[in-house]
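Hi,

Here is the structure I promised to send over. Have a look at it first, and my notes follow underneath.

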Amino acid sequence: MIKKISLKISMTGMAIILIFIAIFFIFQKSIGLSIFERAVNERVGVDNLSSLPDGLHLGLCGTGSPLPDVGRAGPCNIVVAGKQVFVIDIGEGGARNLNLMGIAPATVDAVLLTHFHSDHIDGMGPMMLFHWTGGATSPLPVYGPSGVQSIIDGFNAVYKIDNGYRIAHHGEKIVPPSGAGAIAKPFTMTSESQVILKRSGLTITAFKVDHNPIKPAVGYRFDYKGRSVVISGDTSKSPSLEHAAKGADILVHDSLQPNLVKKMTKALNDKGLASTATITRDILDYHASPEEAAQSAEIAGVKQLVLSHLVPPIPSRYFYPAFLGDAEEYFNGPIIIGEDGMLFTLPANTNAMKHDRLM
Ligand SMILES: [Zn+2]
Ligand SMILES: [Zn+2]
């Protein structure tokens, strides 16, 4: 008897589930429209920067490298100091991530480039476009060592025709011609490190790094109200970075795990792709390994190490220990493997550190 009743209940339950599934597909169009409308209302115009406390904030808008990675955009970092917003390197997908993180590209005061490898600049086009169409009335300032002028001249030339289309379509009031494109702000490195910008309590210092044969190549240090963030750019283990990063709250360091890259080189060779194998072998000498980044973090006495510009692409978190190798043996503080959308908050004049996700 009990068996019969429970069989009846489970049959009824099954029928109800099937009816719900049928409704879900029969009304797929109208359900889709209504869910979409709600999501758009929730997400459009979101400004995640406005609610941040006074302090220094680091966002990761791209933790990947030139190698294809579905979960990571090309190199891109965002540093917010009070109300000032800077993007450091703008790899492919970086500007798209800023939007997904609820950070309007139009609020960005300037982009800073560490060097001109294509993976650090190939998101510049969308960055300039979103900056302009988001309401900017003057071009996006782009700071960089000598050479940045020709990079920006090139991007402006490439986007000139598109700019004309946008103005013709939306009108000068919506997209004022004065706000299109970018403007280069070159600086020359005359010493190992030098201050390139000082404004409203923020000091930005550029320092040389070792990315031979790529020259110039720099990293940046941000100091604001007793807090500090250092972005390495691309470098092998570099004494000048260790000097510039002294006592910083956060060091973001590029990292390449040779044990994993060597497996790629072997697989490429085994498949007769010797030229590509040569490239994966060559890149070993101008990026730090996670172990070397950890050693630099320890020497500099930083409080937290964030690994970014990850080579090779890591398919999931399961592979993080294989990527880290022995890094944790060399650094006393926490090591975080960077993921797109992470946000680190350093409130002004404190020792506090908060870790959040914006996507
Ligand atoms: Zn590079
Ligand atoms: Zn790179």
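**Loops, odd backbone angles and a sheet**

Asn-349 is found in the loop between strand 14 (342-347) and strand 15 (354-357); helices (H or I, at least four residues) and strands (E, at least two) are DSSP runs, numbered from the N terminus. Before the rest, some housekeeping: this is a predicted model, where local features need pLDDT of at least 70 and side-chain atom pairs count only at pLDDT 80 or more, while totals for chains, interfaces and linings use all residues. Residues are numbered from 1 along each chain as its sequence is written, and chains are lettered from A and ligands numbered from 1 in the order in which they are written.

Back to Asn-349: its phi is positive, about 50°, although it is not a glycine. Most residues other than glycine have a negative phi, and most peptide bonds are trans. Asn-349 is exposed, with 12 other C-beta atoms within 10 Å. (Buried means 20 or more other C-beta atoms within 10 Å of the residue's own, exposed 12 or fewer, and partly exposed in between; C-beta atoms are placed from the backbone.)

Lys-225 is another non-glycine with positive phi, near 45°. You'll find Lys-225 in the loop between strand 9 and strand 10 (227-231), and it is partly exposed, with 17 other C-beta atoms within 10 Å.

There are cis peptide bonds to check too. One runs from Asn-212 to Pro-213, with omega near 5°, and Pro-213 sits in the loop between strand 8 (202-208) and strand 9 (218-224). Another links Val-311 to Pro-312, with omega near 0°; Pro-312 belongs to the loop between strand 12 (304-311) and helix 10 (320-324).

Now the sheet. It is open and mixed, with 8 strands in the order 6-5-4-3-2-1-14-15; two strands pair if DSSP finds at least two bridges between them. Strand 6 (182-187) and strand 15 are at the edges with a single partner strand each, so one side of each has no neighbour in the sheet. Strand 1 (residues 55-62) and strand 14 run antiparallel and are joined by 5 bridges, with Leu-58 partnered by Phe-344 in strand 14.

Helix 5 (residues 148-170) packs on this sheet, touching strand 5 and strand 6, and its direction makes about 170° with that of strand 6. Contact here means C-beta atoms, placed from the backbone, within 7 Å; axes are lines fitted to C-alpha atoms, for helices over the stretch in contact, and angles run from 0 to 180 degrees between N-to-C directions.

Cheers

Methods. Two residues are in contact if their C-beta atoms, placed from the backbone, lie within 7 Å.
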